[in-house]
Amino acid sequence: RTLDVQFISKNIKFFSGVFTLMVGTSVSQGLAVITYPILSRLYTPAEMGVVAFFLGIWSTLSVVFSGRYELAIILPKTDAEASNIAGLSLFLASVCCIVSFVFIFIFYPYFSSFGKNNMEWLYIVPISAFLLSFIQNLEYLATRFKEYQKLAIKSIFLQFVYVSCAIIFGIWDCVNNGLILSRVLAYVGASLLIMWLLVDKI
C-alpha cells in the first residue's frame, strides 16, 4: 500500500506539472492569436517575414552557441554538476556571441551591400542568440528542479512583453520594424524574470 501511495503521489505531481506547462503554453499562444489581427494591421507582411527570418537565424545560432550542452543538464545525479554544465554552455554561448559580433562588425559593409533595409539589425543577431541560449539553459534547470509553474510564468511573460511592445512600437512607428526590437526586449525580459525566479536554485 505504501508503494501504491508513493506511485500515485509521483504520478499526481507529474501530471500536475504537465498540466501547468500546458496552461502556460496555451495562454502564451492565446495571446499570440488574439493580438495577431492587431499586429497584422500595424505591420506589413514583409516586416513579419523579416522577423520570421531573423527568428530562424537566432534559433539556429543559439543551438550552435550552446553546443546543446543544456540537454545534459537533467542527467547528472547532483545539482552541482548540472549547474556546472549550464555554466559551461553559457560560457560557450558568450564566447560565440563575442566572436559573431566581431565578425559582423568587420564584414558589415559587405553584408549591407545586399540591401540597406533591416541590415542594422544584424548586430542584434549574436545578442539575441545568446539570450535564447541563456533562456534555454535556465529552462532545463527549472525542469530539473520541477519548477513547472515558473516555466509557465516565463512563457506567458515573454509573449506578453512581445505583443505589448509590438503594439506600442507599431502605433508610435518610432523604429524600423518594431517587431524585431519587441522580440529582443521580450528575450531580455524573460531572461531577467527566469533568472530572478530561479535565483535560489542557481
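This section describes the helical framework, selected buried residues, aromatic groups and loop residues of a predicted model.

The chain contains 6 helices and 0 strands, and its elements follow the order α-α-α-α-α-α from the N terminus. Along the principal axes, the C-alpha trace extends over about 70 × 40 × 25 Å. Of the 202 residues, 38% are classed as buried. When contacts between residues at least 6 apart in sequence are considered, 77% of them connect residues at least 24 apart.

One helix pair, α3 and α4, was examined in detail. The axes of these two helices come within 8 Å and cross at roughly 170°. Because an angle over 145 degrees counts as roughly antiparallel, α3 and α4 are described as roughly antiparallel to each other. On the α3 side, the contact involves D79, A82, A86, S89, L90, A93, S94, C97, S100, F101 and I104. The α4 side contributes P126, I127, F130, S133, F134, N137, L141 and R144.

Two of the α4 residues in this contact, S133 and R144, are also joined to other parts of the chain by polar side-chain atoms. S133 lies in helix α4 and has a relative accessible area of 0%, so this residue is buried. A polar atom of the S133 side chain is placed 3.0 Å from the backbone oxygen of S62. Apart from residues up to four places away in sequence, S133 touches S62, F65, S66, L90 and A93. S62, whose backbone oxygen faces the S133 side chain at 3.0 Å, is thus among the residues that S133 touches, and L90 and A93 of α3 also belong to the contact between α3 and α4.

R144 is found in helix α4, which covers residues 124-144. With a relative accessible area of 13%, R144 is buried, since the limit for this class is under 20%. The side chain of R144 has a polar atom 2.8 Å from the backbone oxygen of P76. Beyond neighbours within four places in sequence, the contacts of R144 are with I73, I74, L75, P76, K77, T78, D79 and A82. Two of these, D79 and A82, are α3 residues that take part in the contact with α4.

A further buried residue, C165, is located in helix α5, formed by residues 148-172. The relative accessibility of C165 is 16%, and this residue therefore counts as buried. Leaving out neighbours within four places in sequence, C165 is in contact with S182 and L185. The C-alpha atoms of C165 and Y123 are separated by 20 Å, with the two residues 42 positions apart along the chain.

Aromatic side chains form a second group of interactions. In total, 7 aromatic pairs are counted. In one of them, the ring centres of F103 and F107 are 4.7 Å apart and the planes stand at 40°, so the pair is tilted. Both residues belong to helix α3 (residues 79-112), where a spacing of 4 residues corresponds to about one turn of the helix. F103 is partly exposed at 44% relative accessible area, and F107 is likewise partly exposed, at 38%. Y108 and Y123 make a stacked aromatic pair, with 5.2 Å from centre to centre and 25° between the planes. This pair links distant parts of the chain: Y108 is in helix α3, whereas Y123 is in the loop between α3 and α4, 15 residues apart. Y108 has a relative accessible area of 22% and is partly exposed; Y123, at 24%, is also partly exposed. In addition, one aromatic cluster is formed by F53, F54, W58 and Y187. A charged side chain is also placed against an aromatic ring, with R183 lying over the face of Y162 at 3.9 Å from the ring centre.

Two loop residues have notable backbone angles. Most residues other than glycine have a negative phi. R68, although not a glycine, has a positive phi of about 60°. R68 is situated in the loop between α2 (45-66) and α3 and is partly exposed, with a relative accessible area of 32%. K146 is another residue other than glycine with a positive phi, near 60°. The position of K146 is in the loop between α4 and α5. At 60% relative accessibility, K146 counts as exposed, because this class begins over 50%.

Definitions and conventions. Residues are numbered from 1 along each chain as its sequence is written. This is a predicted model: local features need pLDDT of at least 70, side-chain atom pairs count only at pLDDT 80 or more; totals for chains, interfaces and linings use all residues. Side-chain values use heavy atoms; hydrogens and water are left out. Buried means under 20% relative accessible area, exposed over 50%, partly exposed in between (1.4 Å probe, protein chains only). Contact means heavy atoms within 4.5 Å. A polar contact is a pair of N or O atoms within 3.5 Å; within protein, one must be able to donate a hydrogen and the other to accept it, and residues adjacent in sequence count only if both atoms are side-chain atoms. Rings of Phe, Tyr and Trp (its six-membered ring) pair if their centres lie within 6.5 Å; planes under 30 degrees apart count as stacked, over 60 as edge-to-face and the rest as tilted. A charge sits over a ring if NZ of Lys or CZ of Arg is within 6 Å of the ring centre and within 35 degrees of the ring normal. Axes are lines fitted to C-alpha atoms, for helices over the stretch in contact, and angles run from 0 to 180 degrees between N-to-C directions. Angles under 35 degrees count as roughly parallel, over 145 as roughly antiparallel, 65 to 115 as roughly perpendicular and the rest as oblique.
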